[in-house]
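Below are some comments on the model you sent, set out as numbered points. Please read them with the structure open.

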Amino acid sequence: MATNGNQRRPDAAAERETFSSGWGMIFALLGVSIGLGNFWRFPYMMGIFGGGAFLAIYLLIVVVVGVPALLAELMLGRATGRGPGEAFVRAGVPAGRQIGQLLFVGVAMAMTYYLVVLGWLLAYLVMSLGWALGLNKISSASFAALHARWPVQMLCSAIVAGAAATVVTRGVRSGIERISSVFLPVFGVLTLGLVAWSLSLPGAGEGFRYLFTFDWRALTPLAVMAAVGQAYFSLGLGGTFLVIYGSYLPADAPLPRRAISTAVGDVAASILAALIVIPVAFAYGLSPATGPPLLFEVMPAAFVAMPAGPVFGVAFFLGLLCIAFLSGVAAIEVLVGSLADSRGWSRGRSAWVISTLLVLAGLPAMLSLDYIVWSDLLWGSTMQPVGSVAAVVALAWGLGRSSVRQQLTRSGSCPWWVSAWFFWVRYVVPAAVLVALLSGWLG
């Protein structure tokens, strides 16, 4: 493989837009990672795969695999100055263009059902607002009624997709960075308030114990694979989101600090989400193993049974929609940026064409929950780790050690741990992830 990627960087980045400030970078990267993977996916995965056992293996994977891979993806993006459509080509990876195209398809397929779930959030926000104004109250039965009406789901998905396309069209600073800097703080304040409320409920202690009680019997190969997929889904790993956002980082941005702060923020959001949803489920006698509808059945049941339920409902679904929307923006940015890099399409044209196609392709997810579960296992739990392995290989074997050192010394001296980290991401991370995926599918 070629090892001269560091020579390509100046030309690649000559006119590429970058984030304008340190806080802008932090908010944008957290906006990539924190989203439905934390609040929708993480609680129901914990419910299905054993509570505390799933949490323990998830945290282990984040530390030993997720953070090193996160740094590698940011580094690949900044070194090549391109998103996944061209980064693998510039890294000198054999069949690099085909790999980029495969990852493009993976993001697009994941977004077909992710947009549907975003549409559910919008529908629940509207229903909560209507309830607060004295109209029909929401309940655990509201989800079944919503899922039975695909035209309503498509309308809600289209509204969210149109809003995301508008943000992406405005570019990195005026669009992504600005909206992230507003939505993330709003989400943080609302989340902390909801955690305090959740843990104060009678019976919530049982849910708290479920979250932090470790049971070895729950550690099946499928549970380990699901934890790997959750870590990659939640962190935004996959050779896509973080690669293109890495290409927007300034040359002097401290990559290790950005990687660690992103991972810490994402893990904190996942645990806070579980501390809201799981205790509420136990407090109101609902099963945490419900699956994808968990969030949309547990929380409405709680809001109906509590004083000021409509107010809490509006706050919850508003905060969740804000943060989940940022991940949707990131996914569309990957697709738009890839077309801009490889085809020269304009942002506006790409964003609106892609958004329209994604909404139409989401029809199967609007009709079948089983389709969402299996699609999530394929495009989330499997393809995202595979894509991240491809990115790690492109950096460690394509660009090589000299490019890694150059990226890490842009904002100071080369860290003392770079050799150990390079060995870890070159040999251990790809092997560990592929073994976990293979054992999970075979199991």
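1. The core. In this predicted model, the largest nonpolar core has 160 residues. Within this core, the residues with the most contacts are Leu121, Phe296 and Met299. Helix α6 supplies its largest share, 18 residues.

2. Phe296. Setting aside residues up to four places away in sequence, Phe296 touches Trp40, Val117, Trp120, Leu121, Tyr124, Phe143 and Phe317. Two of these partners, Tyr124 and Trp40, come up again below.

3. Tyr124. This residue sits in helix α6, which covers residues 96-132. Is Tyr124 buried or exposed? Its relative accessibility is 0%, so Tyr124 counts as buried. Apart from residues up to four places away in sequence, Tyr124 touches Ile138, Ser142, Phe143, Leu146, Phe296, Pro300 and Phe317. The Tyr124 side chain also has a polar atom 3.0 Å from the backbone nitrogen of Phe143. Phe143 is thus listed among the residues that Tyr124 touches, and its backbone nitrogen lies by a polar atom of that side chain at the distance given, 3.0 Å. By contrast, Gly205 is 81 residues from Tyr124 in sequence and 27 Å from it in space, C-alpha to C-alpha.

4. Helix α3. Does the length of α3 agree or disagree with what its residue count predicts? The helix runs over residues 36-48, and at 1.5 Å a residue its 13 residues should span 18 Å; the end C-alpha atoms are 17 Å apart, so the two agree. There is nevertheless a bend of about 35 degrees at Phe42, and a proline, Pro43, follows within four residues. I would report the bend and the proline side by side.

5. Cover of α3. This helix is mostly covered, with 12 of its 13 residues buried. Among the buried residues are Trp40, Phe42 and Pro43, and also Asn38 and Arg41. Trp40 is one of the residues touched by Phe296. After the helix comes Gly50, whose phi is positive, near 100 degrees.

6. Thr220. This residue lies in the loop between α10 (204-212) and α11 (221-235). With a relative accessibility of 35%, Thr220 counts as partly exposed. Thr220 and Phe49 are 171 residues apart along the chain, yet their C-alpha atoms are separated by 8.5 Å.

7. Ser327. Helix α15 (residues 309-343) contains Ser327. The relative accessible area of Ser327 is 8%, so this serine is buried. A polar atom of its side chain lies 3.2 Å from the backbone oxygen of Ile34. Leaving aside neighbours within four places in sequence, Ser327 is in contact with Gly31, Val32, Ile34, Gly35, Tyr114 and Phe241. Ile34 therefore appears both in this contact list and as the residue whose backbone oxygen faces the serine at 3.2 Å, a separation within the 3.5 Å limit for a polar contact.

8. Cysteines. How many disulfides does the model contain? The count comes to zero. Cys156 is in no disulfide, and the nearest cysteine sulfur, that of Cys322, is 16 Å away. Seen from Cys322, the closest cysteine sulfur is that of Cys156, and 16 Å is too far for a bond because a disulfide needs the sulfur atoms within 2.5 Å. Both cysteines count as buried: Cys156 has a relative accessibility of 10%, and Cys322 has one of 8%.

Definitions and conventions:
Residues numbered from 1 in each chain as written. Predicted model: local features only at pLDDT ≥ 70, side-chain atom pairs only at ≥ 80, totals over all residues. Heavy atoms only, no water. Helix = DSSP H or I, 4+ residues; strand = E, 2+ residues; numbered from the N terminus. Buried < 20%, exposed > 50% of the residue type's maximum accessible area, 1.4 Å probe, protein only. Polar contact = N/O pair within 3.5 Å; in protein donor to acceptor, adjacent residues only side chain to side chain. Contact = heavy atoms within 4.5 Å. Core = buried A, V, L, I, M, F, W, Y, C linked by side-chain atoms within 4.5 Å. Expected span 1.5 Å × (residues − 1). Bend = angle between axes of the 7 residues up to and from the residue.
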